[in-house]
Amino acid sequence: MNKSNTIQIETKTLNVTIHNNPVLKNIDIQIPAKQLTAIIGPSGCGKTTLLKSFNRLLEIQDGIKIQGEIVVDGINIMSSGLNVPDIRKKMGLISQKPYPLPMSIFENVAYGLRIHHDKNAKELAEAVQNCLQEVGLWNEVKDRMHDPASRLSVGQQQRLCLARAIAVQPEVILCDEPTSALDPIAAQQIEKLLLKLKKDFTVILVTHTLRQAKRVADHVIFLYFGKVIEQGPAAEFFNNPKNPETKAYLAGEIS
Amino acid sequence: MPPRTIRGMLKNKLVLVGILSLFLSFIFLFLFSNFFLFALFLIIFIILLVYNFIKVSRKLYDALGTRLMLLATVSVIFLFFLLLLILINGSINILSDQSLSDLIFSSTWKPFSGKFGLFAVIVDTLIVTAISMVIAVPISLLSAIYIAEYAPKKFRNIVRPFIDVLAGVPSVVFGLCALLVFVPLVRDDIAPFFGSNISSGFSLFTASLILSIMVFPIIISLCLESFNSVPIALKEASLSLGATKWETVKKVIFRAAGPGVLAAIFLGFGRAFGETIAVSMVIGNQELIPKSLFGPGQTLASLIASNYTEVSSIPILASALIFVALILFVVVLIFNLLGYFVLQRASKRWKY
Amino acid sequence: MNRRNLEEKIFLGLMLASVFIVMGSLILIVTVIVLNGAPSLSIEILTQTSEGGFYLGAGGGFLNAIVGSLLLALPATGLAFLIGIAIALYLQKDFLKPGIANFIRICLDILWGVPSVVYGVFCLTIMIAIGMTGGSLLFGIIALTLLEIPIITRSIDESIKMVPSGLKESAYSLGSSKFETAAKVVRRQAMPGIIAGVLLGFGRGIGDAASILLTVGDSNYFPSSISDQTAALPTMILNLVSMPDQVVQNKAYAVAFVLLMIVLLISIITRYLTKKSSKYIIK
């Protein structure tokens with residue numbers, strides 16, 4: 001906690017409407033670098049929307065209006081004239097259900113590398129191996145690198161998505177309930193990985209299970225009906241919540 | 001459940017109609033001695049009786065319904081083979097009269113002197129189909145991508161129904177337009193531009209042009225369907241790795257929607273290959289090996305349309321045309337099977 | 001970096017050009033027919049039958065062709081619908097093994113792809129075999145039915161595939177038999193798809209020229225029996241446009257205009273009915 005307290009992402013009065021329904025209202029949050037920040041709250045409270053606004057993925061859907069500032073590393077990513085793919089490259093996304101690209105296991109990891117770096121075949125293979133080792137998948141798949149990724153188990157697919165994300169060397173990893181589709185063992189593997197990865201990356205984890213947040217989070221943001229109710233370091237948040245709604249949520253009285 | 005009590009049964013309109021028709025049938029028999037009307041109403045009564053009986057007896061209703069469905073299903077398979085059988089049977093006449101190689105590799109088509117060489121027609125068909133696909137496929141795919149991935153929602157909402165309507169416009173209407181617009185255009189502008197001054201406008205190129213326009217809506221609407229069925233999370237996965245939109249389209253969406261796109265192209269090919277009326281209106285209907293794209297020609301399908309009126313005067317011509325239809329059927333069959341196996345392989349490997 | 005953005009720009013340009021070509025050519029088609037057809041249209045031409053024989057066609061209207069086309073397409077669509085819905089319901093996995101069902105689907109897809117002229121030749125072959133010459137309403141209906149069966153069946157089939165299996169399960173758990181579930185629950189849920197399929201088939205049937213060209217012949221009158229020859233809109237266009245006389249050709253444009261309007265009307269009705277019938281759809 002007393003690592004560097006630099007702020008990686010900061011939003012200033014962020015408002016999002018979908019088809020004119022307000023989904024996020026005046027969001028002001030700070031997300032510290034190289035820590036694991038959990039965004040918690042009941043389903044439908046705008047967690048995923050908030051997450052996807054960080055790498056400007058929201059705007060590919062219809063009927064979305066975004067107002068306010070999102071500052072990443074001192075740059076407001078909402079300002080015009082920026083190269084959007086560059087913003088997105090900084091942030092890997094892990095979705096609820098793993099979506100391996102329709103290619104082989106190797107090509108899945110190599111996809112981002114091929115786009116962003118001119119590497120020769122050997123360098124590429126090495127980089128892919130490194131990423132797969134990082135997520136503990138290498139030993140499981142090294143003999144079938146050119147099989148379709150869809151033949152892996154769901155848990156393996158999710159780890160492949162993680163490997164794919166870290167291959168492009170992002171600064172932030174956005175996780176949208178990455179364990180909700182997995183069995184308990186696979187979920188545990190992912191959790192451990194996230195804890196390992198927060199040394200090198202800023203990890204933002206959207207989750208609706210409180211226990212998971214308690215286990216892994218350094219910093220917590222509590223969203224309720226599109227508003228930030230409380231945010232702060234995890235220990236303080238869980239042991240000594242200030243807001244009555246937070247207390248109620250932690251006690252299981254509202255969901 | 002059907003009503004059980006008498007009152008309940010009387011409430012049922014069908015039962016009322018049944019009783020009424022029985023009553024009427026007796027009136028007509030005894031009061032007017034009109035046997036025809038008696039029979040008519042009696043038949044109505046019997047039908048309603050049987051219908052009600054079936055309704056009441058669930059088991060029978062079930063069994064009968066299931067049997068009828070089975071019958072329809074079997075009959076369509078039967079139809080498939082009957083079609084093939086009748087076409088083969090009809091072709092036997094011409095095949096016993098002339099050898100297969102004579103038919104396919106000779107290029108003189110003169111029904112009145114008994115010559116049925118199809119070589120020129122086959123060459124023309126290949127040329128016309130190939131050109132129309134070369135024009136239609138890239139343009140349709142690019143348009144479909146734009147409409148599905150790039151276009152603003154308003155534009156999409158206008159264009160999609162428009163494309164769907166045009167996919168249903170009869171080919172004869174397309175043919176008429178080609179006659180009005182493209183024939184003069186090819187004759188006066190396009191052909192002279194490419195240095196052939198004697199074109200009448202009725203040409204292979206004109207036919208290819210109208211075919212490609214006819215194929216646009218078919219390929220586009222099918223492609224749109226398969227682009228739209230690509231999960232949005234897959235796009236997000238690619239975009240969040242820092243890929244541009246086009247890179248995502250090229251490497252991810254095309255792959256994920258690949259089977260559907262391929263099916264669309266195959267269907268477009270089938271349409272271009274077998275189109276009869278629009279082609280026969282503008283191709284010039286001459287069974288020649290073309291010297292230029294701007295000269296007249298004849299495709300397999302249009303050959304049938306422009307020769308069928310003579311079948312009563314030259315009996316063997318009928319057999320020759322049936323043989324041509326058999327070729328059309330078999331080519332479509334082969335292409336469909338080919339497409340099916342390609343799709344099977346592709347979707348097994350790259351499902352998402 | 002620069003190269004990637006350039007590629008994006010180039011392809012966006014190509015896409016815009018393609019959309020422009022596609023929309024331009026399709027709008028051109030519609031405009032040409034409307035501009036040439038609408039002026040020749042009149043009440044007389046719509047309410048009179050043809051005159052002046054097969055090769056002249058300048059006199060009279062084309063009511064006989066409208067009636068002929070309806071007499072061809074309506075029964076054909078009705079027959080194809082009855083057969084099609086039975087097959088489509090039977091193709092569900094409750095009745096048939098998926099392997100067999102897929103085989104039937106392939107057959108239907110091939111039949112869908114078969115050029116319509118082949119159906120024409122098929123009927124012509126039978127007509128020659130039974131010694132009939134000149135054509136008849138009956139064989140036109142048969143040809144169109146064959147043409148429409150795969151279209152209607154596959155469209156209905158696709159919409160039935162979308163019926164959630166939970167819906168079927170709840171029907172079964174209420175004690176419905178397989179047939180009752182198919183005929184009452186699945187059919188209702190698939191209603192918009194069924195309507196769209198039937199109207200799609202009708203549109204193809206009423207507009208198709210190649211199959212009826214070989215089978216129905218021509219006539220200046222309303223057909224009075226099923227073995228009569230008859231006029232139809234698509235074949236009438238072909239007959240009229242091949243005449244050298246400008247007046248006759250103008251009439252062809254008017255017929256084409258009417259045909260285009262019918263297709264447009266069908267698609268509007270389809271949109272309206274599918275919207276209306278989705279009222280009871282469980283999403």
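**Entry 1: strands β6 and β7 of chain A**

I began with strand β7 (residues 172–176) of chain A, which runs parallel to β6(A) and is joined to it by 4 bridges. The model I am reading is a predicted one. For one position in this pairing I looked up the partner: A:Gly92 stands opposite A:Ile173 in β7(A).

I then asked which way the residues of β6 (residues 91–94) of chain A point. A:Met91 and A:Leu93 point one way, while A:Gly92 and A:Ile94 point the other way. I noted that all of these residues are buried. As a general rule, side chains in a regular strand alternate between the two faces of the sheet.

**Entry 2: the open sheet of chain A**

Next I looked up an open sheet of 4 strands in chain A, and I recorded their order as β2-β1-β4-β5, with antiparallel pairing. Why do β2 (21–32) and β5 (75–76) of chain A each have one side without a neighbour in the sheet? Both strands stand at the edges and each has a single partner strand, so one side of each is left free of a neighbour.

I followed β2(A) to its partner, strand β1 (residues 7–18) of chain A; the two pair in the antiparallel sense over 8 bridges. Within this pair, I found A:Val16 opposite A:Leu24 in β2(A).

**Entry 3: the contact of chains B and C**

Finally, I turned to the contact between chains C and B, which takes 67 residues from chain C and 64 residues from chain B. On the side of chain C that touches chain B, helix α1 (residues 2–37) of chain C gives the most, with 19 residues. I recorded the make-up of that side of chain C as 52 nonpolar, 10 polar and 5 charged residues.

Terms used: Residues are numbered from 1 along each chain as its sequence is written. Chains are lettered from A and ligands numbered from 1 in the order in which they are written. This is a predicted model: local features need pLDDT of at least 70, side-chain atom pairs count only at pLDDT 80 or more; totals for chains, interfaces and linings use all residues. Two strands pair if DSSP finds at least two bridges between them. Two residues are in contact if their C-beta atoms, placed from the backbone, lie within 7 Å. Ala, Val, Leu, Ile, Met, Phe, Trp, Tyr, Cys and Pro count as nonpolar, Asp, Glu, Lys and Arg as charged, and the others, Gly among them, as polar. A residue is buried if 20 or more other C-beta atoms lie within 10 Å of its own, exposed if 12 or fewer, and partly exposed in between; C-beta atoms are placed from the backbone.
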